[in-house]
Amino acid sequence: MPETPPAPVILGNEPGSFPHGVLAERHPAIIAQVREALPWEPAQHRALDALLESCTEGVIEPLPADAPDRERWTGWGMDTYAGRSWFDVPWLWSESYFYRLLLQAVGYFGPGAWQGIDPFRPAKLAELDSPETDEELAALDDLAGLPAGEQARALLHGSLWGNRADLGFRLSATGGDTRAAAPGLVADDSEALWSLLPPSGGGTLCLVADNAGRELVPDLLLVAHLLAHGHAERAVLQVKPHPYYVSDATTADVVDAVRRLTGAGGAAAAHGRRLWDALAQGRLTVRAHPFFCAPLPYADMPGDLRAECAAATVTVVKGDLNYRRLVGDRWWPPVTPFAEVTAHFPGPVAALRTLKSDVVAGLDAETEAALTAAGDQRWRTSGTHALIQVRT
């Protein structure tokens, strides 16, 4: 297979661009959100003030000498980028380092009384406990009456669209705005995914989770169904080792979601009990490798993680950030073959992603033309479009 020449890395230094808006507007808003989330002490407020000044007017500063992961971040490029503008380094790196410094500001890594306190937890729990979640879980009772294959397809689309999916589980593959000139699902390799996970096929499913709350719940429901119907003998759920990108799932969030399911009643509770039992039996394992909070593409994953993914029947990566890391956060022409930009991955891989950033690959020319003709180039970032892509 010919090697695709690297496209330019996405930076955040172009005013008016989506990455620039994240750095200049979203990050200050997140600091404000975190400030109000919990009753922080004066030192934490001062640290948040300093981070706000740094990320809007200053430069990247290295972690303190006593940071427990300073050596790791040095290996991830901290010394290379220290002293430079947040806007002039790779956007993926800049975003990731912002969240690491945010945790530093609130004392997450300790020592001290605030060690291990997730600053995003109030928002995660509010979403998980919302009436909308009640409605979605109640809809599972109707889904339970469908044939297993239809349930599986519906649960796949529920996982794909996350909290945009009404878990009445539309069986339509269009997903997003059906009035658009191009369908909401801009690539659909779902049949290739099912060929890797046939009923009673056994093997190991590795699912790299994205967000917590109402987006993690449908991921867990899909895993529960695949285990129950033999699409996989066991599953590995890869989560973040610490809070990240506001809503990314940690082990604590998995526990909260499973407890939410078991307490919901009806079909939701049955799924929750299956997950609970699968964890107890070792058929479902939760992992939290440090690399999942790295500011690097998956092409740079360490050997132990490569070996684990290589051993899986298929690795399913969920969400926008994981997609950026899988294909490389670059300005690929949209028709760049998905198989080429994921050739580095050590085994079969599938991406389930709602588009919320500029990077995209693997579209056919007709789909790209339709999206371009529609005139609204926000299709890359608005979350109204999604894709299922597979490299076997």
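The following paragraphs describe the domain division, two helix pairs and the strand arrangement of a predicted model.

The protein chain is divided into domain 1, spanning residues 18–117, and domain 2, spanning residues 124–391. The centres of domain 1 and domain 2, taken over C-alpha atoms, are separated by 28 Å, and the contact between the two domains involves 16 residues of domain 1 and 21 residues of domain 2.

Helix H1 (residues 18–37) and helix H2 (residues 42–57) have axes that come within 10 Å of each other and cross at roughly 175°. Since angles over 145 degrees count as roughly antiparallel, H1 and H2 are therefore assigned to that category. On the side of H1, the contact is formed by Leu 23, Pro 28, Ile 31 and Arg 35, whereas H2 contributes His 45, Leu 48, Asp 49, Leu 51, Leu 52, Cys 55 and Thr 56. When the residues in this contact of H1 with H2 are sorted by class, seven are nonpolar, two are polar and two are charged.

A second helix pair is formed by helix H5 (residues 91–105) and helix H15 (residues 319–327), whose axes come within 11 Å and cross at roughly 135°. This angle makes H5 oblique to H15, and the crossing of the two helices is left-handed. The residues that meet in this pair are Trp 91, Leu 92 and Glu 95 from H5, and Leu 321, Arg 324 and Arg 325 from H15. By class, the contact of H5 with H15 comprises three nonpolar and three charged residues, with no polar residue taking part.

Turning to the strands, seven of them form an open sheet with mixed pairing, in which the order is E1-E7-E6-E5-E2-E3-E4. The edges of this sheet are occupied by strand E1 (185–188) and strand E4 (284–287), each of which has a single partner strand, so that one side of E1 and one side of E4 are left without a neighbour in the sheet. On average, and with direction ignored, neighbouring strands of the sheet are turned by 15° against each other. At the E4 edge, strand E3 (residues 234–238) pairs with E4 in the parallel sense over four bridges, and within this pairing Leu 237 stands opposite Val 286 of E4.

Note on methods:
Residues numbered from 1 in each chain as written. Predicted model: local features only at pLDDT ≥ 70, side-chain atom pairs only at ≥ 80, totals over all residues. Heavy atoms only, no water. Axes fitted to C-alpha atoms, helices over the stretch in contact; angles between N-to-C directions. Parallel < 35°, antiparallel > 145°, perpendicular 65-115°, else oblique. Left-handed = near helix turned anticlockwise from the far one by under 90°. Contact = heavy atoms within 4.5 Å. Nonpolar A, V, L, I, M, F, W, Y, C, P; charged D, E, K, R; others polar. Pairing = 2+ DSSP bridges. Domains from an automatic or database assignment.
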